[in-house]
Amino acid sequence: MSRTTGTIIGVTGNMITVKFDGVVGQNEVAFAKLGDVGLMSEVVRVRGTRADLQVFEDTAGLGVGDRVEFSGNLLSVELGPGLLAQVFDGLQNPLPRLAEMCGFFLRRGARLPALPRDRRWDFTPEVKVGDSVVAGDPLGSVPEGIFTHRVMVPFGLTGAFKVAQIAPAGAYTADLEIARLLDAQGVERSVAMVQRWPVRFPIRLYAERLRPTEPLVTKVRIIDTFFPVARGGAYCIPGPFGAGKTVLQQITSRHADVDIVVIAACGERAGEIVETLREFPRLIDPRTGRSLMERTVIICNTSAMPVAAREASVYTAVTIAEYYRQMSLNVLLLADSTSRWAQALRETSGRLEEIPGEEAFPAYLDSVIANFYERGGGVRLKNGATGSVTIGGTISPAGGNFDEPVTQATLKVVGAFHGLSRARSDARRYPAIDPLDSWSKYAGVVSRDEVETARRTLRAGNEVGQMMKVVGEEGTSMDDFVTYLKAEYLDDSYLQQDAYDKVDGASTAERQRHMFGVIGAILRAPTHFPDKTAARRFFHQLTQTTKEWNRAAMDDPEFKTLQERIENMVTEATAHA
Amino acid sequence: MRRLYHRVDRIAGNVINVRAGDVKYRELAEVSSRAGTSRAQVIRLNNDEVSLQVFAGASGVTTDAQIRFLGHAMRVPFSDALLGRVFTGGATPRDKGPALSENLIEIGGPPVNPAKRIIPDKMVRTGIPMIDVFNSLVESQKLPIFARAGEPYNPLLARIALQAEVDVIILGGMGLKHDDYLFFRDNLEENGAISRTVMFIHTAADPIVECLLVPDISLAVAEQFALQNKRVLVLLTDMTNFSNAMKEIAITMEQVPSNRGYPGDLYSQLAVRYEKAVDFDTSGSITILAATTMPGDDVTHPVPDNTGYITEGQFYLREGRIEPFGSLSRLKQQVNGKTREDHRAIMNTLIQLYAGHNESVEKRSMGFRASEWDNKLLRYGERFEKEMMDLSVNIPLEQALDLGWEILADCFEPMETGIPTRLIEKFWPAKKETPISSVSNGR
């Protein structure tokens with residue numbers, strides 16, 4: 001098949017218009033020649049013999065008449081052993097190896113294969129010559145860090161195949177042939193460990209999708225207890241700048257109870273990803289005893305990197321997540337921030353001069369966001385095992401106002417909403433998830449009824465607090481005042497969590513159930529105080545003690561002592577009643 | 001061989017269209033007509049129709065203007081000879097010095113590979129307690145100063161520039177009032193800092209297109225100095241003018257506006273510039289401080305809003321003081337654990353008590369009874385505002401921490417502050433009523 005070529009007839013921003021001869025496809029990858037390098041680009045619109053392409057790099061220096069070569073392939077990523085612990089850009093170029101090649105700066109047109117070609121993997125075959133296989137079936141496995149990485153029949157192959165040849169156990173590089181497969185027509189295909197998959201298409205090689213029922217424990221109390229996330233579910237974290245979205249994502253990426261975490265740093269500060277990059281290799285995952293980096297893949301297309309590649313980066317990330325789901329692993333994809341991705345869509349749409357929707361976002365914004373979140377989910381694979389992809393996306397709404405297109409489109413398709421509030425972050429109440437506005441449809445670590453009771457206290461306390469600003473403490477009844485103090489107590493000692501404390505920073509499900517039981521009882525206790533000063537002093541002391549309790553490990557004798565002290569304090573206060 | 005073109009098809013705003021072949025995107029051209037000669041840059045190619053943004057403005061450009069394409073993108077000379085000099089936004093001398101043409105470097109270079117970045121950990125001392133104590137500035141940080149027009153953000157920038165221990169200062173002025181430009185120049189000169197300063201100044205009277213070039217030129221030069229192992233501080237004032245210039249061009253080019261008329265890529269455009277802040281692994285660093293005026297004192301205005309998402313914190317300048325609550329240095333945790341052991345405790349305690357003071361003030365103005373505790377807080381707040389928050393206070397960090405203890409000791413009992421006993425024992429001043437002047441460094 002001869003490759004289609006074309007010539008540039010227009011350049012504006014990162015968009016080129018190309019006149020071509022032959023066949024081109026929507027979303028096909030092409031290379032615009034600039035001297036001896038090719039700038040990678042993607043077809044986004046075709047009109048007659050003209051195609052509009054978004055270029056994944058800076059377009060300075062391109063001119064009318066320059067040559068463009070179409071590749072015949074859709075935008076794809078490499079899937080295979082060696083993805084874990086890597087740091088890629090939005091188009092899956094390995095950044096550390098690019099740095100070895102190009103130094104401090106990213107060089108235009110520089111590309112490297114995503115998976116190292118010099119590393120050997122210990123392959124163990126799991127099929128015999130003559131076995132029948134279809135796409136997604138295992139051919140063998142290799143150990144990748146702490147996981148057994150399944151080598152599968154390439155997902156893009158259609159129809160049934162017979163194994164004509166399979167490599168014996170041994171060490172192979174990712175691109176070496178490990179099997180030959182024979183299709184019904186008798187055509188033989190060579191298969192290596194690495195395969196390619198077009199990122200804009202979901203991998204659907206499973207038997208059925210499952211309802212998200214099992215909680216995904218993040219060890220953040222306000223999330224797990226009040227606004228839980230489910231394995232295979234989707235959630236979003238909108239918040240104004242400085243409210244702690246990224247810190248929350250970082251904490252989640254450390255503690256989340258999943259096998260693999262894919263971090264998509266999409267159009268955000270490079271400095272943030274640097275922290276993850278430098279610290280994860282040193283942090284030990286308590287579940288496995290190995291470094292956190294071994295279970296992490298980072299897709300990093302920061303704000304200064306080309307905007308079209310930013311748009312692609314979330315698809316690169318979700319495709320890698322889906323790939324590991326096929327190995328019956330639980331994967332968490334954290335996208336920070338989906339607003340930057342939506343803005344990339346807006347920039348492209350603007351350059352195509354499409355009719356703008358709300359706030360100049362394209363009219364298809366809603367469906368694009370819905371399609372992205374729908375790629376998550378728990379599945380039962382054809383072999384009966386299960387796996388999941390959970391998606392958590394941050395949103396950076398303009399002006400911190402949630403009434404904007406990206407937040408609204410996202411809220412329609414997620415099961416949990418963790419709205420960060422400026423008021424809480426200004427008051428240094430972290431995590432700044434608003435306990436009154438946020439919601440979750442998933443089941444958490446404690447029963448729904450208990451949580452509802454606690455939320456009622458919070459709401460009532462908030463109302464009293466508002467009222468008190470007008471009428472002062474003097475004008476507030478004792479009962480109302482105690483309700484207010486109880487709500488504050490719940491907030492201070494349970495909802496807030498010190499991310500930098502070793503014990504308090506990560507609260508297990510067991511610990512949350514235990515603590516919530518104790519604190520729930522305090523909220524229900526019919527306390528009585530002689531006056532407001534005494535009430536305030538009592539809750540002040542109770543909060544102090546509970547905070548100390550938060551910092552004591554459960555197996556520390558101190559934990560028990562403090563709990564007793566708390567319970568005694570409450571008994572004393574109720575005894576007066 | 002480059003050809004000359006004579007036929008201008010369209011003139012709109014500062015953009016002219018000309019029919020020409022073999023032109024590259026972002027290429028530079030020279031436009032000569034009765035109005036004089038100006039450089040221009042290619043901003044759109046459509047078949048043989050080339051759109052050029054004219055640096056000096058299209059005013060006076062005639063339809064028979066001569067356009068000569070130069071075969072390269074915008075470049076700026078780089079050498080140590082830049083130090084002490086003042087240039088326009090188009091990189092031509094604004095002072096009486098000679099034009100420089102050696103060692104030309106392209107502006108708007110590629111981004112730094114994130115894998116080559118390191119976690120910043122060096123504090124930049126400014127002598128301003130509201131920064132040093134509460135929101136420490138860190139080398140390679142990018143921080144905007146959010147202020148209403150009329151706040152003293154330029155004097156603040158100048159002061160930080162003078163007091164920060166950096167090797168090179170680069171001042172990028174955008175839409176600067178001529179007085180402000182003179183203020184910067186005189187101030188740096190009087191304090192002997194002019195010899196380590198390069199200025200790229202676009203004043204409000206200059207052509208708007210040159211305003212767009214200022215950040216790129218300033219940062220390209222900064223990058224070269226940083227690669228020569230220099231610690232560079234870049235001051236940009238005012239980024240809202242830069243954004244407005246972008247808006248103007250975008251509207252001229254008939255781009256679909258997104259929010260309040262600003263182009264959809266405002267975030268990306270600002271981010272590309274701010275992300276030039278970097279600490280090179282084996283070389284120098286770039287720190288960026290940028291004034292961003294908030295139209296109508298509204299932080300949700302697209303320019304401060306997008307900026308806040310990009311930068312590593314922000315300083316709010318309000319009524320001539322750095323606001324302690326909204327202001328934030330996201331990187332302060334990287335450095336304030338290594339200064340003095342009481343730094344974080346003092347930082348948190350003083351702020352918490354000041355928040356308490358504000359509540360007491362509110363209570364008082366609502367007419368509620370002030371308790372004894374309220375009165376203590378009120379007394380404390382008054383001293384805190386006068387001795388710490390006031391921008392004229394100029395003391396090193398250690399002295400500011402000592403002063404913090406001093407104020408605390410004058411207003412409160414040790415236990416009321418909630419500071420860990422270990423630190424109280426070590427730092428709480430022995431005698432309470434000592435006037436500050438006679439204290440020998442606090443201990």
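The following exchange concerns a predicted model and asks how several of its labels are reached.

Biologist: What makes the radius of gyration of chain A agree with that of a compact globule?

Modeller: For 577 residues, a compact globule would have a radius of gyration near 25 Å, and because chain A has 27 Å, the two values agree. Along the principal axes, the C-alpha atoms of chain A fill a box of roughly 90 × 55 × 40 Å, and 59% of the residues of chain A count as buried.

Biologist: Why is the contact between A:Glu78 and A:Arg196 called a salt bridge?

Modeller: The closest N and O atoms of A:Glu78 and A:Arg196 are 3.8 Å apart, and the cut-off is within 4 Å, so the pair qualifies. The two residues belong to distant parts of the chain, with A:Glu78 in strand S7 and A:Arg196 in strand S17, 118 residues apart.

Biologist: How do you know which of these two partners is buried and which is exposed?

Modeller: A:Glu78 has a relative accessible area of 7%, and buried means under 20%, so A:Glu78 is buried. A:Arg196 stands at 51%, and exposed means over 50%, so A:Arg196 counts as exposed.

Biologist: What makes the salt bridge of A:Arg536 and A:Glu473 a tie between separate parts of the sequence?

Modeller: A:Arg536 lies in helix H13 and A:Glu473 in the loop between H10 and helix H11, so the pair ties together parts that are 63 residues apart in sequence. The closest N and O atoms of this pair are 2.4 Å apart. A:Arg536 has 38% relative accessibility and A:Glu473 has 28%; partly exposed covers values between 20% and 50%, so both labels follow.

Biologist: In chain B, why are B:Lys142 and B:Glu312 called buried?

Modeller: B:Lys142 has a relative accessible area of 1% and B:Glu312 is at 7% relative accessibility, and the limit for buried is under 20%, so each receives that label. Their side chains meet in a salt bridge at 3.3 Å, N to O.

Biologist: Why can A:Val471 belong to a patch on the surface?

Modeller: A patch residue needs over 30% relative accessible area, and A:Val471, at 37%, therefore passes that limit. Together with A:Met467 and A:Val470, A:Val471 forms a nonpolar patch with about 260 Å² of accessible area.

Biologist: How do you know that the patch holding A:Glu548 is one of negative charge?

Modeller: A:Glu548, A:Asp555, A:Asp556 and A:Glu558 gather there, and Asp and Glu count as negative, so the patch takes that sign. A:Glu548, in helix H13, is partly exposed at 37%.

Methods: Residues are numbered from 1 along each chain as its sequence is written. Chains are lettered from A and ligands numbered from 1 in the order in which they are written. This is a predicted model: local features need pLDDT of at least 70, side-chain atom pairs count only at pLDDT 80 or more; totals for chains, interfaces and linings use all residues. Side-chain values use heavy atoms; hydrogens and water are left out. Patches are made of residues with over 30% relative accessible area and no salt bridge: like charges are joined within 9 Å, nonpolar side chains (Val, Leu, Ile, Met, Phe, Trp, Tyr) within 5 Å. Accessible areas come from the Shrake-Rupley method with a 1.4 Å probe; for residues, only the protein chains shown count as cover. The place of a charge is taken as NZ of Lys, CZ of Arg, CG of Asp or CD of Glu. Helices (H or I, at least four residues) and strands (E, at least two) are DSSP runs, numbered from the N terminus. Buried means under 20% relative accessible area, exposed over 50%, partly exposed in between (1.4 Å probe, protein chains only). The radius of gyration is taken over C-alpha atoms; the globule rule is 2.2 Å times the number of residues to the power 0.38.
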